[in-house]
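Please work through the exercises below with the sequence and the model side by side, trying each task before reading its solution.

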Amino acid sequence: GTGSAAAVPINADFDIAYVTPVTLGTPPQTLQLDFDSGSSDLWVFSSHLPTSQIRGQQIYAPNKSSTAKLLDGHSWSITYGDGSGSRGNVYTDNVTVGGLTVGSQAIECAQQVSSSFTTEDHIDGLVGLGFSTLNTVSPKSQLTFFDNAKSNLDSPVFTADLKYKQAGTYDFGFIDEAKYTGEITYVPVNSDPGYWTFPSSGYAVGSGNFTASSISGIADTGTSLVYLPTAIVTAYYRQVQGATNSRSYGGYVFPCASTLPTFTFGVGAARFTIPAAYLNYAPVTPGSATCFGGLQSSSGVGINIWGDVALKAAFVVFNGGNPPTIGWAAK
Ligand SMILES: CC[C@H](C)[C@H](NC(=O)C[C@H](O)[C@H](CC1CCCCC1)NC(=O)CCNC(=O)[C@H](Cc1ccccc1)NC(=O)N1CCC(N)CC1)C(=O)NCc1cnc(C)nc1N
C-alpha cells in the first residue's frame, strides 16, 4: 500500500511547523498532527487532558471509538529539545494517514502537556517518524506509525516534500518522480542515536567556494531551523550587514532589510542551495525590524540539525530498508 498527505504550514507568515490530517478510531476522529522525524512517539491531545490545558486543539476521545483498546499499565513521558513535553496513558486504535491505515497503532493520549503545547493551538499532537528505539512508552516501548506500516508498504520509505510558506506532502511507500528533478543522492544513516543521522559533505556561503567538511547531523522535520557548528554559522553571518549573535533573542539576528546570502550544503557529490528568503526566518516579535536567522549555531543543542529550513530546499527520501539510508534530490 501507499499513502500521501498534505504538510500544511501552521502559520501564514513563517514556517514554524507543518501539520498533517490524521484520522483515529471508529468513527474517524481527525486531528492535525506534526510529523516529526526527530522523535518516535505518536501522541495526541485527548479527552484525558484537563480542559485548562486545551485551547482550541482537536482531541482524541478513545471512549468514543469502538476500536480503541487501553494498553493496560502503560504510560509515556517525553521531553523535546525546546524544553516542551507531555505525558499520559496509551491506547491502540486504527490510524489512517492519506489513505494508508495501520490497525492497532499505539496512540499516546496526553494527560498533561507543557504550556507551549497548550498555546500552540494548531498542533493537536505529533507523529514520531524517528527510529522506534526512541519511543518513550513503558514498560513495553511501541512502534512508530512508519514501522507498523512498513510491511504493508510497496517500498519501506517515506518522503518529505516540505515547501516555503505553502503546503507540501508526506508520501508513504513510494517515491513520486514528479516531486523532484535530477538524481536522488543516497547516503548511509546511523540509526543508533534513534534519529535519521547522516553525513553532509560540506558547505558554501553565497557564491563563495565550497568548503569540504564532513558534518554529521540529523534530518528533523520537527525542528524549524538549521543548527550547525559555530565555525560555519559565523562564516555565514560575516556576510550579513548588522548581524549579531543576540543573547536576549537566543541566536543570530539582523536588520530585516539586510540582504542575505544563500547557504549551500553538500550531500555526497550533490549540492543543495537554501534560498536567502528561507534564511530570514521571522521578525523577532511581530512587526519588528529585527529578524531571526534560519541558520543558528548547534553549540547549545549538542547535535547538528537539518530542520525545515533545509528540508524544504529539497525532496528527501527516508529509506527504512535494511540498512536505512537517506536520499536528497533537488526540486
Ligand atoms: C524521545 C525524545 C525525542 C527524541 C526528542 N526529540 C526532539 O526534541 C527533536 C524533535 O524533533 C522536536 C520536535 C518538536 C517539539 C516541540 C513541538 C514541535 C515538534 N524538535 C525540537 O524540540 C527542536 C527545537 N524546537 C523547535 O525547533 C521548535 C519547534 C516547534 C514548532 C511549532 C511549535 C512549537 C515548537 N521551534 C520553535 O520553537 N520556534 C520558535 C522560535 C523560533 N526562533 C524557531 C521556531 C529529544 O531529542 N529529546 C531529548 C531532549 C530532552 N531535553 C532537552 C532539553 N533536549 C533534548 N534533546
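Two exercises follow, on the ligand site and on the backbone.

This is a predicted model, in which local features need pLDDT of at least 70 and side-chain atom pairs count only at pLDDT 80 or more, while totals for chains, interfaces and linings use all residues. Residues are numbered from 1 along each chain as its sequence is written, and side-chain values use heavy atoms, with hydrogens and water left out.

**Exercise 1. Describe the surroundings of the ligand.**

Step 1. Begin with the shell, where a residue is near a molecule if one of its heavy atoms lies within 4 Å of it. The ligand is surrounded by 25 residues, and the closest are Asp36, Thr79, Gly81, Tyr195 and Asp220.

Step 2. Sort the shell by class: 11 residues are nonpolar, 9 are polar and 5 are charged, where Ala, Val, Leu, Ile, Met, Phe, Trp, Tyr, Cys and Pro count as nonpolar, Asp, Glu, Lys and Arg as charged, and the others, Gly among them, as polar.

Step 3. Look for polar contacts, that is, pairs of N or O atoms within 3.5 Å. A polar side-chain atom of Asp220 is 2.7 Å from an oxygen atom of the ligand, a polar backbone atom of Thr79 is 2.8 Å from a ligand nitrogen atom, and a polar side-chain atom of Thr223 is 3.3 Å from a nitrogen atom of the ligand.

Step 4. Turn to burial: the ligand taken alone exposes 1,100 Å², of which the protein buries 73%, with accessible areas from the Shrake-Rupley method and a 1.4 Å probe.

Step 5. Trace the shell to the fold. Strand S3 (29-36) and strand S5 (69-79) are the elements that give two or more residues to it, strands being DSSP runs (E) of at least two residues and helices runs (H or I) of at least four. Domain 1 (3-172) and domain 2 (180-330) each supply at least three shell residues, the bounds coming from an automatic or database domain assignment.

**Exercise 2. Locate the unusual backbone geometry.**

Step 1. Recall that most residues other than glycine have a negative phi, and most peptide bonds are trans.

Step 2. Find the cis bonds. One joins Ser138 and Pro139, with omega about 5°, and Pro139 lies in the loop between strand S8 (125-128) and helix H2 (145-149). Another joins Asn322 and Pro323, also with omega about 5°, and Pro323 is in the loop between strand S23 (315-319) and strand S24 (325-330).

Step 3. Find the positive phi angles. Ser104, although not a glycine, has a phi of about 45° and belongs to strand S7 (residues 100-113).

How values were computed:
A polar contact is a pair of N or O atoms within 3.5 Å; within protein, one must be able to donate a hydrogen and the other to accept it, and residues adjacent in sequence count only if both atoms are side-chain atoms.
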